[in-house]
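The following paragraphs lead the reader through a single protein structure, one region at a time. Please keep the model in view while reading.

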Amino acid sequence: MQILDLLHSIRPVWVTRTVQALARGVGVRDDFRDQLERFFDLMEQVVETGDPAWIESILSDWAASLTQSDLEEGQSQIIRLVTQIFDITHQVCMDNLPLAEAAEVMGAVIPCFSNAFEKASQFEMQARVAYISNQLNQVQQTLERLDRSKSDFIAIAAHELRTPLTLVDGYASMLREMINQRGAGEDSSEAMLLNGINNGTRRLRTIIDDMIDVSLIDNSLLSLNFQPLWINRLLSVLELELAPYIDERRQSLEIQDFPGSREMTFGDPERLLQVLRNVLLNAIKYTPDQGKIRIEGRKLPGFIEVIVCDTGIGIDNEDQQIIFEKFGRLGNTALHSSGKTKFKGGGPGLGLHIAKGIIEAHGGAIWVESPGYDEVKCPGSIFHVLLPLRSEPPDDKTAKLFASLVQNKSNQ
Ligand code: ADP
């Protein structure tokens, strides 16, 4: 008998046995029977044409219909199925055909099964990879949604908080006027209470402004107001502004005159002051009393680098990136203090994230170097702020506004 006739003769037994062995529920059996009939058809095609690729279509369909739990399970479902079908085929041949013919049929179907094994693992792997990357995409989307809603929440909360704060400020200044009219002095208890209210609202305003800045940066909405500026002048402003805190902590602040610091460049002076203020306030905060803070810098091709060194508690290597992340404050959050310059009085952990956003919006970079964290030995930290030197503002409108300044500079 021809191989195809032999195969044909065992088909009914093969289908019944395979269905009984492999399909569990009665409902499943009908559908599964169709699948097995198709498998057998394709196996016959392989034998008839000598092309093992005929079997691939059903394997690809099986891989596509794997359920989520199949895909989550580590074991290969289709290879297991093909192995079982192979075993049953072998048994049916042995039980229903003389030995020589059984061997002949098995010899004819082996190329079909070896290709089936290879393709089953390939299709199943592709289905698994597609499933996992889909899962990863979903996780990514959820994370992005969460991040967006966090930023939205911050923005809305910040705007909502500003309004009542303005009211408190307004009423406080009306009270101050009434007190002044009554002739009560600055050291009267009413004036002291009012000072307390003013300090509180000032701090609250700073936190709200930081929250708004974070949401502007996270949503790439930070707009810079480019103007001519001189780094040495920004540093002088800060020296004056921070002198009371430096005195209070009995620290020293040394500002070196470095190449490039007296050169005019374009940037947003308010925002750059904010960056340098954040870095300097941190240097004051994380340096013990009587510590030293030094500002130096250098001019590089196309850039100016401001370097702030302190003799403070330092930062571990693994934290040197984290501190620039949103809420990237280190240490014990229970020790949180909103004091501006109190030793180790950590804030909300937004200052450096904002500084990074502002510097990057200028096309620069900010990073820190430190031998590590040690509150006893105080190895110190060195913050680097790298800013592009711009002889012209980036947009035409500002360029027109400052045209004479730019002209004068190029004539020099
Ligand atoms: P915070 O409001 O907590 O000061 P920042 O974003 O300004 O937030 O700083 C993040 C964290 O980086 C701080 O909580 C602190 O742990 C660490 N840090 C920043 N500057 C210094 C510094 N000069 N020395 C040591 N640690 C610092």
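Arg-250 is found in the loop that links helix 8 (231-248) to strand 2 (252-255). The model is a predicted one, and in it the phi angle of Arg-250 is near 50°, a positive value in a residue other than glycine. A second residue with a positive phi is Gln-290, where the angle is near 70°; this residue, too, is not glycine. Gln-290 belongs to the loop between helix 9 (269-285) and strand 4 (292-300). With a relative accessible area of 55%, Gln-290 is classed as exposed, because the threshold for that class is over 50%.

From these loops the reader may turn to the strands. Strand 7 covers residues 382-388, and 6 of its 7 residues are buried, so the rest of the structure largely encloses this strand. Which strands pair with strand 7? One is strand 5 (residues 303-310), which runs antiparallel to strand 7 and is joined to it by 7 bridges. Within this pairing, Phe-303 stands opposite Pro-388 of strand 7. Another is strand 6 (residues 365-369), which pairs with strand 7 over 5 bridges, again in the antiparallel sense. Here Val-368 has Phe-383 of strand 7 as its bridge partner. As a general point, side chains in a regular strand alternate between the two faces of the sheet.

Helix 10 comes next. This helix spans residues 351-361 and contains His-353. Is His-353 buried or exposed? Its relative accessibility is 14%, and His-353 therefore counts as buried, the limit being under 20%. The side chain of His-353 reaches the backbone oxygen of Phe-324 at a distance of 3.1 Å. Apart from neighbours within four places in sequence, the contacts of His-353 are Val-214, Ile-217, Asp-218, Ile-323, Phe-324, Glu-325 and Lys-326.

Helix 7, which comprises residues 189-218, holds Thr-201. Thr-201 has a relative accessibility of 7% and so counts as buried. Which residues does Thr-201 touch, if those up to four places away in sequence are not counted? They are Leu-165, Val-168 and Asp-169.

Helix 6 runs over residues 99-181, and Ala-102 is part of it. The relative accessible area of Ala-102 is 0%, which means that this residue is buried. When neighbours within four places in sequence are left aside, Ala-102 is in contact with Cys-93, Met-94 and Leu-97. A further relation links Ala-102 to Leu-7: the two are 95 residues apart in sequence, while their C-alpha atoms are 9.6 Å apart in space.

Leu-143 also lies in helix 6. Whereas Ala-102 is buried at 0%, Leu-143 is exposed, with a relative accessible area of 52%. Together with Val-139 and Leu-146, Leu-143 makes a nonpolar surface patch of about 290 Å². Helix 6 thus offers the reader both a buried residue, Ala-102, and an exposed one, Leu-143.

Methods
Residues numbered from 1 in each chain as written. Predicted model: local features only at pLDDT ≥ 70, side-chain atom pairs only at ≥ 80, totals over all residues. Heavy atoms only, no water. Helix = DSSP H or I, 4+ residues; strand = E, 2+ residues; numbered from the N terminus. Buried < 20%, exposed > 50% of the residue type's maximum accessible area, 1.4 Å probe, protein only. Polar contact = N/O pair within 3.5 Å; in protein donor to acceptor, adjacent residues only side chain to side chain. Contact = heavy atoms within 4.5 Å. Pairing = 2+ DSSP bridges. Patch = residues over 30% accessible without salt bridge, like charges linked within 9 Å, V, L, I, M, F, W, Y side chains within 5 Å. Areas by Shrake-Rupley, 256 points an atom, 1.4 Å probe, with all protein chains shown as cover. Salt bridge = Lys/Arg side-chain N within 4 Å of Asp/Glu carboxyl O.
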